[in-house]
Amino acid sequence: MWAELLPVGRSAASGGYRRFAWNSADAECRAWFEQQARDRGLTYELDRNGNQWAWLGDPQGEGAVVTGSHLDSVPDGGAYDGPLGVVSSFAALDELRGRGAEFSKPLAIVNFGDEEGARFGVACIGSRLTSGVLSREAAYGLRDGDGVRLPDAMEKAGYDPTALGADEERLARIGAFVELHVEQGRYLAEGQPVGVAGAIWPHGRWRFDFHGEANHAGTTRIEDRRDPMLTYANTVLAARKKAKLAGALATFGKVAVEPNGTNAIASLVRGWLDSRAADERTLTELVGEIERAAAERGERDGVRVELTRESYTPVVDFDGPLRDRLAKLLDAPVLGTGAGHDAGILASAIPTAMLFVRNPTGVSHSPDEHAELADCLTGVAALADVLEDLACQ
């Protein structure tokens with residue numbers, strides 16, 4: 001399974017992956033998932049939000065145990081973030097069948113769509129729509145960098161977007177969701193190969209629009225310029241400094257410039273801020289400080305600054321009894337994370353938990369992302385133990 005997925009959407013130039021929502025690489029990944037389901041005699045289902053499901057047992061049954069993750073990527077991302085959870089889910093089912101496990105509850109494997117938000121700017125779109133965190137109207141308003149609307153992209157890919165929206169009936173039938181994921185950090189580097197998630201930091205994405213005045217780079221005097229690039233650059237530095245003082249994280253990882261000419265002073269710079277903190281108060285204060293720093297510098301530069309919050313996820317404490325049950329079962333450490341996941345979005349609606357597989361370098365969202373084969377197989381065995389405990393009682 002792993003070898004089949006490795007070449008899909010991989011850039012020859014960077015070695016990273018470009019599996020974005022509803023593009024050709026995403027279509028290949030979806031076809032792979034459907035084939036894995038059918039090869040195992042599972043009931044394949046596509047829900048109203050474009051998420052894929054593979055069912056063992058009655059899809060309409062109550063108390064279902066669900067596992068899985070996502071198959072899309074960030075721009076030039078690594079091979080493990082998302083796919084490791086999906087591949088491990090199918091492998092864990094194979095392991096349980098090999099053990100002769102008898103299931104007392106329906107079991108499902110899911111591939112949630114557009115978890116990374118690389119194309120439309122909002123993370124976890126599939127799970128946000130399902131849980132009602134993202135409304136149909138808001139989803140219809142999302143556009144990619146080329147101006148293509150989300151529903152149009154879905155329709156072009158062969159999916160019907162008319163039914164997008166909350167899926168309360170589906171969630172009501174789920175008793176637990178467990179997501180396996182490569183660790184995005186090095187907490188497990190010197191210890192056990194598998195850990196259990198305790199909580200996810202609150203996090204969000206904010207767009208800063210810096211409005212200046214386009215002009216000639218070779219003829220406009222320094223004192224006559226209203227250059228938004230200066231305000232943007234100062235804001236990036238301010239974000240780093242203020243995040244460090246707060247013990248939090250702030251990253252400008254995406255920027256767009258108009259008119260984007262070498263010999264032209266920009267008229268508009270858009271910068272996207274990703275910020276995370278251990279608690280919501282710290283995060284709110286940090287973003288506020290960054291906004292004030294941008295506005296103060298903008299006043300000096302003759303640049304108008306606008307801030308738009310594009311997405312936000314509050315702190316997520318995973319289901320306590322489920323978390324403790326898994327940690328005891330696996331004799332595994334409990335750790336927190338600053339990364340968002342579908343499991344975090346669903347945590348407000350159903351009991352959720354996460355397993356992390358050791359990442360020796362801690363590198364993620366990069367072609368250098370890695371997990372040793374032995375640790376991945378240990379993760380499969382751990383997930384199989386969890387599913388057996390939850391679905392075979």
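**A buried cysteine, two cores and an open sheet**

Cys-124 is buried, because its relative accessible area of 3% lies under the 20% limit. The structure described here is a predicted model, and this cysteine is a handy place to begin reading it. Cys-124 sits in the loop that runs between strand S4 and helix H4 (125-131). Leaving aside residues up to four places away in sequence, Cys-124 touches Asp-114, Glu-115, His-341, Asp-342 and Ile-345. Tyr-187 lies 63 residues from Cys-124 along the chain, and the C-alpha atoms of these two residues are separated by 24 Å.

Strand S4 (residues 107-111) brings in another residue worth a look, Asn-111. With a relative accessibility of 3%, Asn-111 also counts as buried, since the limit is 20%. What does the side chain of Asn-111 reach at 3.2 Å? It reaches the backbone nitrogen of Leu-71. In addition, the side chains of Asn-111 and Gln-52 are joined by a polar contact of 2.9 Å. The residues that Asn-111 touches, not counting those up to four places away in sequence, include Arg-30, Phe-33, Asn-51, Ser-69 and His-70.

Phe-33 leads on to the nonpolar interior. The largest nonpolar core has 52 residues, and Phe-33 is among those with the most contacts inside it, together with Trp-32, Phe-90, Val-178, Leu-326 and Leu-355. Helix H12 (residues 373-391) gives the most to this core, contributing nine residues. A second, separate core is made up of 21 residues, including Trp-55, Ala-108, Ile-174 and Ala-343. Turning back to Trp-32, its contacts beyond four places in sequence are Met-1, Glu-4, Leu-5, Leu-71, Val-86, Val-87 and Phe-90.

Elsewhere in the model, four strands form an open, antiparallel sheet in the order S9-S11-S7-S12. Strands S9 (249-258) and S12 (304-313) stand at the edges; each has a single partner strand, so one side of each is left without a neighbour in the sheet. On average, neighbouring strands of this sheet are turned by 20 degrees against each other, direction ignored. Strand S7 (residues 203-211) pairs with S12 in the antiparallel sense over nine bridges. Within this pairing, Phe-208 has Leu-307 of S12 as its bridge partner. Helix H8 (residues 228-246) packs on the sheet and touches S7, S9, S11 (268-276) and S12. The direction of helix H8 makes about 170 degrees with that of S9.

Note on methods
Residues are numbered from 1 along each chain as its sequence is written. This is a predicted model: local features need pLDDT of at least 70, side-chain atom pairs count only at pLDDT 80 or more; totals for chains, interfaces and linings use all residues. Side-chain values use heavy atoms; hydrogens and water are left out. A nonpolar core is a set of buried Ala, Val, Leu, Ile, Met, Phe, Trp, Tyr and Cys residues joined through side-chain atoms within 4.5 Å. Buried means under 20% relative accessible area, exposed over 50%, partly exposed in between (1.4 Å probe, protein chains only). Contact means heavy atoms within 4.5 Å. A polar contact is a pair of N or O atoms within 3.5 Å; within protein, one must be able to donate a hydrogen and the other to accept it, and residues adjacent in sequence count only if both atoms are side-chain atoms. Two strands pair if DSSP finds at least two bridges between them. Axes are lines fitted to C-alpha atoms, for helices over the stretch in contact, and angles run from 0 to 180 degrees between N-to-C directions.
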